[in-house]
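Here is a short walk through a protein and its bound ligand. Have the chain and the model open beside the text, and follow along strand by strand.

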Amino acid sequence: MDAKQQVADLMARARKAQEVAEGYSQERVDTLVKAVAWEIVKEENAKKIATLAIEESRLGNYDGKYAKLMKKVRGALRDMKDAKTVGVIERDEAKGLIKVAKPVGVIGALVPCTNPEATPVIKAMNALKGRNAIVFAPHPRTKKTNSLIVEIMRNTLKKYDAPEDLIVTIDEPSLDLSNELMSQCDLVVATGGSGMVKAAYSSGTPAYGVGAGNAVVIVDETADIKDAAHKIMLSKTFDYATSCSAENSLVVVEEVYDELIKNLEAEGGYLVNAEEKVKLTAAMWEDGHLSRHIVAQPAGRIAELAGIELSLGEKFIMVEEDGVGPDHPYSGEKMSVVVAIHKVKDFGEAVDKVNEITGYQGAGHSCGIHTTNEDRVIEVGNRIKVSRVMVRQPQCYANSGNWDNGMPFTLTLGCGTWGGNISSENITYKHFINVTWVSTPIEPVIPSDEELFGDVMND
Ligand code: NAD
């Protein structure tokens, strides 16, 4: 069967199921969302998913996958639990407006192999919350993990007398099938690298395509250096840096450079010397492309491939870098427990460097700062062209929602127009509905010219 027909068959099943869900009440969808989430975070299921994800992808580590499922699924549920997504969701008496939520229809969802465990679950929860059906196109490298997750979620739907076909997957994925899905569905929600984002936006279907990260973190001379080093280590080593948000580069003000390196070493960082950097570069890039042998691997494995010796307890690799761009590959996304470190004169230079690095790769995704100067926090927010700035936080824990910050939980992070994306938000259930504005007449509200034009009227 050709790709077009194969996807058409999956779409027909999903559409039939979605027609049933169209009639569901808020209470009914909320129960389904909770039930699906609960089934996934049950210890035996989360363990099974995390184990298979590692076995199949050989990317990341079991603890990271398990922790991600446990936290991100609960977090996404917390965020959407009491939200209205069915029928009338808002009334504004003063403006005479009533907002009515309606489903989008069938969502086409692309899933990255680096985050194959929680991404499909949260996308399915978002879809159900809006009375949609969802069809997954997993990465070929994590297709079995995806099928297992879909099976668990479909069984839950069945248990609750809802059509299983609200959640459907392509079992044997290919680029042709992914592209076909993107052209036949009603909304694409695509998470992955830049090639995929381009494909999503070329599909002709409305799309949230969110792309590559390359998070850069500033450490200035006012920072609590020990705290910064600890948080950088946590984020850099989590799931062996599979996250698009993991610290890829540090930009460090020279006054605290040596102190930060010392503290990072105490946290398990190993700083390569010039000779080792040459060996590491040869192991990390093949013909200008990141080697798949180093992506999301433990530091020991990367060191072994590079012919570098690490001591016990050394869990991430640090590389000094002074340039940005194709001739300086460490300034790009490394998808590994390797972090580039740039030394700068002062905070002003640090801000420019972050724009330069993210302008090269990971445009619009995210950055962070360790500082105690609150004015600088605002300056970073104002001057750096990214969609999120994490202050004194482990980047990959924080960006996509954490219990101790206010970021919406998701694993799909919009990168704004800088990253070629339509949204700069964390993509959540809110992006999975259409909203009809019902407007009734009100007393006219007409401002005077003085109120509207003020000062300029007399210029
Ligand atoms: P990937 O881009 O290789 O794959 C993602 C999905 O897109 C898969 O299902 C894949 O089969 C499909 N795909 C890839 N290229 C395609 C194309 N040209 N046409 C149609 N479909 C295509 O992603 P990955 O390697 O698993 O993830 C790594 C990349 O994703 C990194 O760059 C990372 O920063 C980024 N990422 C971003 C986010 C975010 O929220 N912004 C989240 C996770 C990963």
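## Two open sheets and a ligand site

In this predicted model, five strands make up an open sheet with parallel pairing, and their order is β5-β4-β3-β6-β7. The edges belong to β5 (167-169) and β7 (207-210); each has a single partner strand, so one side of each is left without a neighbour in the sheet. From one strand to the next, the twist averages 15°.

Within this sheet, it is worth pausing at β3 (residues 106-110) and β6 (residues 187-191), which run parallel and are joined by 4 bridges. To find the register by eye, look for Ala109, which stands opposite Val189 in β6.

A second sheet is also open, but it has 3 strands, ordered β1-β2-β17, and its pairing is antiparallel. Here β1 (87-92) and β17 (433-439) are the edge strands, each pairing on one side only. Direction ignored, neighbouring strands of this sheet are turned by 25° against each other on average. As a general point, the strands of a sheet pair through backbone hydrogen bonds, either parallel or antiparallel.

How many bridges pair β2 with β17? Strand β2 (residues 97-103) and β17 are paired over 7 bridges in the antiparallel sense. One position to check is Leu97, which has Ser439 of β17 opposite it.

Now to the ligand. Where does it lie with respect to the two domains? Domain 1 (3-209 + 427-438) and domain 2 (216-399) both contribute residues to the shell around the ligand, so the ligand lies between them. There are 31 residues around the ligand, and those that come nearest are Cys113, Gly193, Gly211, Glu333 and Leu413. By type, the shell residues divide into 17 nonpolar, 13 polar and 1 charged.

Three residues place a polar or backbone atom close to oxygen atoms of the ligand, as listed here.

| Residue | Atom of the residue | Distance to an oxygen atom of the ligand |
|---|---|---|
| Val111 | backbone N or O | 3.0 Å |
| Thr114 | polar side-chain atom | 3.1 Å |
| His139 | backbone N or O | 3.3 Å |

On its own, the ligand has 840 Å² of accessible area, and the protein covers 86% of that. The elements giving two or more residues to the shell are α7 (175-184) and α8 (194-201). Which of the elements provides the largest share of the shell? That is α7, with 4 residues.

To take the tour again, start at Ala109 and Val189, which stand opposite each other, and then move to the ligand between domain 1 and domain 2.

How values were computed:
Residues are numbered from 1 along each chain as its sequence is written. This is a predicted model: local features need pLDDT of at least 70, side-chain atom pairs count only at pLDDT 80 or more; totals for chains, interfaces and linings use all residues. Side-chain values use heavy atoms; hydrogens and water are left out. A residue is near a molecule or strand if one of its heavy atoms lies within 4 Å of it. A polar contact is a pair of N or O atoms within 3.5 Å; within protein, one must be able to donate a hydrogen and the other to accept it, and residues adjacent in sequence count only if both atoms are side-chain atoms. Accessible areas come from the Shrake-Rupley method with a 1.4 Å probe; for residues, only the protein chains shown count as cover. Ala, Val, Leu, Ile, Met, Phe, Trp, Tyr, Cys and Pro count as nonpolar, Asp, Glu, Lys and Arg as charged, and the others, Gly among them, as polar. Domain bounds come from an automatic or database domain assignment. Two strands pair if DSSP finds at least two bridges between them. Axes are lines fitted to C-alpha atoms, for helices over the stretch in contact, and angles run from 0 to 180 degrees between N-to-C directions.
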